[in-house]
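Biologist: I would like to learn how to read the surroundings of a ligand and the hollow spaces of a protein in a model. Could you take me through one case, feature by feature?

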Amino acid sequence: MMLAYNVYLIGFMGTGKSAVASCLGSEYSLDVVEMDELLVKKEGESIANIFAQKGEKYFRERESSLLEEISTERNKVISCGGGVVLRKENVQRMRESGKIVLLTASAEVILERVKQDEGRPLLKGKKHPKEIHNLMEERRERYEEAADIIICTNGKSVKEISEELMEELKRVKERE
Ligand code: S3P
């Protein structure tokens, strides 16, 4: 399948961006870009180490310049880091070069998905539904404002989410 634009998957940690991107890649032969993975490769450090040694501001700068590079390309499915919407310039770049798909999930479902994972510095010591809920609420407006399409992932398989996404994408393009 060829797309004349990029598909940006955004959403809170644990909403399934990476899993859905990888499924879209294999089911629809789309190229997948995993932002966090690329950043780790470029920096030669884990996300947790980048945060610990160089700080969140540095990480956000690297993230923005990676997004700037990616946004010059087309026909890619991009699994974004959960914090990509924190900078307006990032949202602007995504908007100009593709469609933005927000994946959502309840705090309980997110906790189930991330509880074993120590690689997310922002969730360190916050593995409780209330704390995840609060963090999500802080970002909710940014996520929703950026999104062209919103898909709730609670109780759905990765394949179901991917199919729903492609249907919605078709609808959005038909409306244009
Ligand atoms: C972050 C999300 C992470 C990663 C970093 C910061 C965030 O990506 O980029 O830990 O600010 O929400 P995932 O959403 O893939 O976990």
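Biologist: Which residues are the closest to the ligand, and how many surround it?

Modeller: This is a predicted model, and that should be kept in mind throughout. A residue counts as near the ligand if one of its heavy atoms lies within 4 Å of it. Here 14 residues surround the ligand, and the closest are Lys 17, Asp 36, Arg 60, Arg 120 and Arg 139. Sorted by class, that shell has six nonpolar, three polar and five charged residues, and helix H3, which covers residues 47-70, gives the most to the shell, with four residues.

Biologist: Where should I look for polar contacts with the ligand?

Modeller: The idea is to look for pairs of N or O atoms within 3.5 Å. One such pair joins a polar side-chain atom of Lys 17 to an oxygen atom of the ligand, at 2.6 Å. In the side chain of Arg 139, an N or O atom is 2.7 Å from an oxygen atom of the ligand, while for Gly 82 a polar backbone atom is the partner, with an oxygen atom of the ligand 3.0 Å away.

Biologist: How much of the ligand does the protein bury?

Modeller: The ligand taken alone exposes 390 Å², and the protein buries 96% of that area.

Biologist: Which pocket does the ligand take up, and which residues lie nearest its centre?

Modeller: For a pocket, one reads the volume, then the lining, and then the elements that supply the lining. The space taken by the ligand is the largest pocket, and about 480 Å³ of space lies in that pocket. Its lining consists of 25 residues, with Met 13, Asp 36, Gly 81, Gly 82 and Arg 120 nearest the centre. Two or more lining residues come from each of helix H1 (17-28), helix H2 (35-43) and H3, and the largest share, five residues, belongs to H3. In terms of class, the lining of the largest pocket has seven nonpolar, nine polar and nine charged residues.

Biologist: What is the volume of the second largest pocket, and which residues are closest to its centre?

Modeller: The second largest pocket has a volume of about 210 Å³. It is lined by 13 residues, and Thr 104, Ala 105, Met 136, Arg 140 and Glu 144 are the closest to its centre. Strand S4 (98-104) and helix H6 (129-146) each supply at least two residues of this lining, with H6 giving the largest share, six residues. The classes in this lining are six nonpolar, four polar and three charged residues.

Biologist: How many cavities are there, and which residues line the largest cavity?

Modeller: A cavity, unlike an open pocket, is a space where a 1.4 Å probe fits but cannot get out. With a threshold of 30 Å³ or more, the count comes to one cavity, and about 30 Å³ of space lies in the largest cavity. Asp 117, Glu 118, Arg 120, Leu 123, Lys 124 and Lys 127 line this cavity, and by class they make one nonpolar, no polar and five charged residues. Arg 120, one of these lining residues, is also among the residues closest to the ligand.

Terms used: Residues are numbered from 1 along each chain as its sequence is written. This is a predicted model: local features need pLDDT of at least 70, side-chain atom pairs count only at pLDDT 80 or more; totals for chains, interfaces and linings use all residues. Side-chain values use heavy atoms; hydrogens and water are left out. A polar contact is a pair of N or O atoms within 3.5 Å; within protein, one must be able to donate a hydrogen and the other to accept it, and residues adjacent in sequence count only if both atoms are side-chain atoms. Accessible areas come from the Shrake-Rupley method with a 1.4 Å probe; for residues, only the protein chains shown count as cover. On a 1 Å grid over the protein atoms alone, a cavity is a set of points where a 1.4 Å probe fits but cannot get out, and a pocket is an open set with protein on both sides within 12 Å along at least five of seven lines; lining residues have an atom within 4 Å of a point. A molecule sits in a cavity or pocket if more than half of its atoms lie within 2 Å of its grid points. Ala, Val, Leu, Ile, Met, Phe, Trp, Tyr, Cys and Pro count as nonpolar, Asp, Glu, Lys and Arg as charged, and the others, Gly among them, as polar. Grid points are joined across faces, edges and corners, and a volume is the space filled by probe spheres set on the points.
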